[in-house]
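Dear colleague,

Please find below the structure I promised to hand over. My findings follow directly after it.

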Amino acid sequence: MVGDCFFARETLYESIWDGFEVEDKRFTCATYGGPIAAMRDERRMVLVTPGSSATAAAGGLKPVLRTFTAAGGPLGASVWDGGRLVDWGWTDEQQLAAVEANGKVSSRTERGQVAWGLTVI
């Protein structure tokens, strides 16, 4: 109780980040409670173990792009088939725009599938 006001704390949902390592990830969040995208931060050295957010593909480890609702519920996951990520963010239409070091620009849906891509030279 603060002054004449009473405040109560209620649990709306359980923690969704249990078992999800957030320390070694890159996140981007859409505005106004939109989706959240997470992927292993390739700029940091991390120990990759079975069950981590990377998968063996094409002879190397590829990070997995995971998308979540604002409340933390899973929306989708896909293997990141692009190059080194320079920057990313959500558009007003809730498309994930990504810029790679090789000049490729791509857009992905909320579920992580590629919507379109182009190369800027």
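Y32 lies in the loop between β1 (25-29) and β2. The model is a predicted one, and in it the phi of Y32 is near 55°, a positive value in a residue other than glycine. Most residues other than glycine have a negative phi. As to its surroundings, Y32 is exposed, with a relative accessible area of 85%.

A second residue of this kind is Q94, which is not a glycine and yet has a positive phi of about 60°. Q94 sits in the loop between β6 and β7. With a relative accessibility of 27%, Q94 counts as partly exposed.

The strands on either side of Q94 deserve a description of their own. Strand β6 comprises residues 85-90 and strand β7 residues 96-100, and the two pair in the antiparallel sense over 5 bridges. Together they form a hairpin, with 5 residues between them. Across this pairing, W90 stands opposite L96 in β7.

Both W90 and L96 also belong to the largest nonpolar core, which has 10 residues. The other members are A30, A37, M39, L65, W80, L85, W88 and A98. At least two residues of this core come from each of β2 (36-40), β6 and β7, and β6 gives the most, with 3 residues. In soluble globular proteins, nonpolar side chains tend to be buried together.

One member of the core, L65, may be followed further. Not counting residues up to four places away in sequence, L65 touches A37, M39, W80, W88 and L96, among others. Its contacts also include A38, G76, A77, S78, R108 and G112.

Finally, I would draw your attention to a charged residue. Which side chain of opposite charge is nearest to E100, and how far away is it? E100 is found in strand β7 and is buried, yet has no salt bridge. The nearest side chain of opposite charge is that of K104, 4.8 Å away, whereas a salt bridge requires a distance within 4 Å. The side chain of E100 does, however, reach the backbone nitrogen of G83 at 2.8 Å. G83 is also one of the residues in contact with E100 once neighbours within four places in sequence are left aside. The others are W80, G82, R84, V86 and S106. W80 thus appears both among the contacts of E100 and in the nonpolar core described above.

With kind regards

How values were computed
Residues numbered from 1 in each chain as written. Predicted model: local features only at pLDDT ≥ 70, side-chain atom pairs only at ≥ 80, totals over all residues. Heavy atoms only, no water. Pairing = 2+ DSSP bridges. Helix = DSSP H or I, 4+ residues; strand = E, 2+ residues; numbered from the N terminus. Buried < 20%, exposed > 50% of the residue type's maximum accessible area, 1.4 Å probe, protein only. Lys, Arg positive; Asp, Glu negative; His and termini not counted. Polar contact = N/O pair within 3.5 Å; in protein donor to acceptor, adjacent residues only side chain to side chain. Contact = heavy atoms within 4.5 Å. Core = buried A, V, L, I, M, F, W, Y, C linked by side-chain atoms within 4.5 Å.
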